[in-house]
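Open the model in your viewer and keep the sequence panel beside it. This tour goes from one selection to the next.

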Amino acid sequence: MKFILHVVLIATTLAIAPVRFDRDKVLRVKPQDEKQANILKDLANTNEVKVFRRMLNLFLLFSKSFTEKESRAIQSIEKQFDVKEDIPGRHSHAKYNDWDKIEAWTEKMMYKHPEMVFHIKIGSTVVGHRGAGPLYVLKIGKKDERRKAIFMDCGIHAREWVSPAFCQWFAYQLWKNKIMTKLLDQMNFYVLPVFNVDGYIWSRTQYRMWRKNHSKTRNSNCIGTDLNRNFNVSWNDCDLIHHIFCKSEKETKAVADFIQSHLKSIKASSTFHSCSQMLLFPYGFTSQLPPNYEDLVKVAKIGTDALSTRYETHYIYGPTASVIYPASGISLDWAYNLGIKHTFSFELRDRGKFNFLLPESQLKSTCKETMLAVKFIAKYTLNFHTSVTEHL
Ligand code: 0X9
Ligand code: ZN
């Protein structure tokens with residue numbers, strides 16, 4: 001069993017200077033017995049492990065000497081912690097694009113396919129780059145509002161860069177891929193390329209491992225709320241713990257309002273995260289199984305089988321609470337409780353090596369394999385709802 005711990009030694013930074021990771025270390029540690037494994041498990045369960053220099057010896061005690069290959073992998077992870085300046089150049093589907101490029105890309109999509117791509121302003125970012133900006137969902141498909149539709153969102157968690165990259169790839173593939181073009185004849189897609197724009201900008205420019213949005217939390221000096229704990233589902237206890245309230249965030253409210261107002265047409269939804277190669281479905285807030293559990297298992301099984309045919313990437317699937325961990329306020333459960341009975345959540349590549357720092361070299365292959373699962377879910381949803389309507 002291997003764990004990667006990123007060890008933030010001391011980050012002394014000026015308030016607005018990007019957080020540097022030059023003196024940080026990434027340790028790949030192989031526990032030698034159960035006791036060591038348990039200590040590491042506890043540490044790995046925290047989102048971020050901050051360890052001061054004098055404690056480093058404790059970790060080094062556990063670590064074996066690394067092979068050359070492992071050391072190279074570690075160096076490559078360490079390099080990625082360096083926050084880069086905005087990279088000049090064009091938008092690319094093989095790269096992690098900055099927000100500016102993604103914004104410009106959505107405009108371009110509209111101009112390129114004026115009959116099929118529409119901007120829908122659902123709200124605004126809180127901080128933005130140059131002040132708050134609009135938050136757009138791309139409606140892809142024919143104008144008809146009554147058509148069956150799938151809602152997809154990417155980038156709810158700032159540091160999971162592969163997720164917005166997938167939404168961009170998906171939209172681009174709709175015209176490249178015959179099956180997708182055929183699906184577009186019959187259904188629409190609502191694509192939110194970056195849910196958490198402010199967080200994404202922060203992660204791109206200041207702090208690579210940022211997860212939440214960038215709003216000021218009520219009654220606290222903390223910045224940021226986890227948008228995937230902010231949906232109105234199973235909120236009684238969370239209220240007391242986090243001193244925030246459900247749908248407190250502008251982004252959550254914008255997305256929730258949009259989905260609610262399009263509920264007649266939205267038949268399925270998928271949210272894209274990284275990492276750990278999982279296809280999850282409800283519930284996260286309880287260990288009870290959802291009423292259409294068998295159906296969801298079937299879709300998840302075929303979807304992940306399809307995904308693995310391309311590069312043999314292995315996914316596990318199942319209810320969120322048991323497969324990953326119990327969590328309240330997640331978008332997946334909220335959408336399900338609203339009546340969208342085919343709601344899935346992808347935790348994209350990888351599992352355990354690069355984690356949130358998936359190299360760009362893996363971007364295309366990740367997107368290509370994910371498309372296979374998404375295509376299956378879309379086809380399944382369409383058939384399911386067509387046959388349901390036919391039998392009414
Ligand atoms: O903690 C989360 O919000 C998700 N894991 S992540 O590492 N991407 O942060 C899991 C929550 C439930 N599953 C999803 N909605 N993906
Ligand atoms: Zn996530």
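Start with Cys-367. Its sulfur lies 9.0 Å from the closest cysteine sulfur, the one in Cys-154, so the two are too far apart for a bond. A disulfide here needs sulfur atoms within 2.5 Å. Cys-367 is also buried, with a relative accessible area of 0%. Keep in mind that this is a predicted model.

**Next: Cys-154 and Cys-167**

Which cysteine does Cys-154 bond to? Select Cys-167: a disulfide joins the pair, S to S 2.1 Å. A disulfide is a covalent bond between the sulfur atoms of two cysteines. A search of the whole structure finds one disulfide. It links distant parts of the chain, 13 residues apart: Cys-154 sits in strand β6, and Cys-167 in helix α5 (residues 162-173). Now look along the S-S bond. The torsion for Cys-154 and Cys-167 is about 80°, so the disulfide is right-handed. Are these two cysteines buried or exposed? Both Cys-154 and Cys-167 are buried.

For contrast, click on Cys-222. Cys-222 is partly exposed, with a relative accessible area of 47%.

**Next: strand β6**

Select residues 149-154, strand β6. Six of the six residues are buried, so the strand is largely enclosed by the rest of the structure. Show the side chains. Ala-149, Phe-151 and Asp-153 point one way from β6. Ile-150, Met-152 and Cys-154 point the other way.

**Next: the strands paired with β6**

Add strand β7, residues 188-192. β7 runs parallel to β6, and five bridges join them. Find Phe-151 and step across to Tyr-190, its bridge partner in β7.

Then add strand β8, residues 266-274. How many bridges pair β6 with β8? There are six, in the parallel sense. Here, step from Met-152 to Ser-270, its bridge partner in β8.

**Last stop: the zinc ion**

Select ligand 2, the zinc ion. Which residues coordinate the zinc ion? They are His-157 through ND1, Glu-160 through OE, listed twice, and His-273 through ND1. The distances run from 2.0 to 2.3 Å. In the sequence panel, the donor residues follow the spacing H-x2-E-x112-H. Check the surroundings of two of them: His-157 is buried, and so is Glu-160.

Conventions. Residues are numbered from 1 along each chain as its sequence is written. Chains are lettered from A and ligands numbered from 1 in the order in which they are written. This is a predicted model: local features need pLDDT of at least 70, side-chain atom pairs count only at pLDDT 80 or more; totals for chains, interfaces and linings use all residues. Side-chain values use heavy atoms; hydrogens and water are left out. Buried means under 20% relative accessible area, exposed over 50%, partly exposed in between (1.4 Å probe, protein chains only). Helices (H or I, at least four residues) and strands (E, at least two) are DSSP runs, numbered from the N terminus. Two strands pair if DSSP finds at least two bridges between them. Donors are N, O and S atoms within 2.8 Å of the metal (3.2 Å for Na, K and Ca); water is not among the atoms, so sites may look incomplete.
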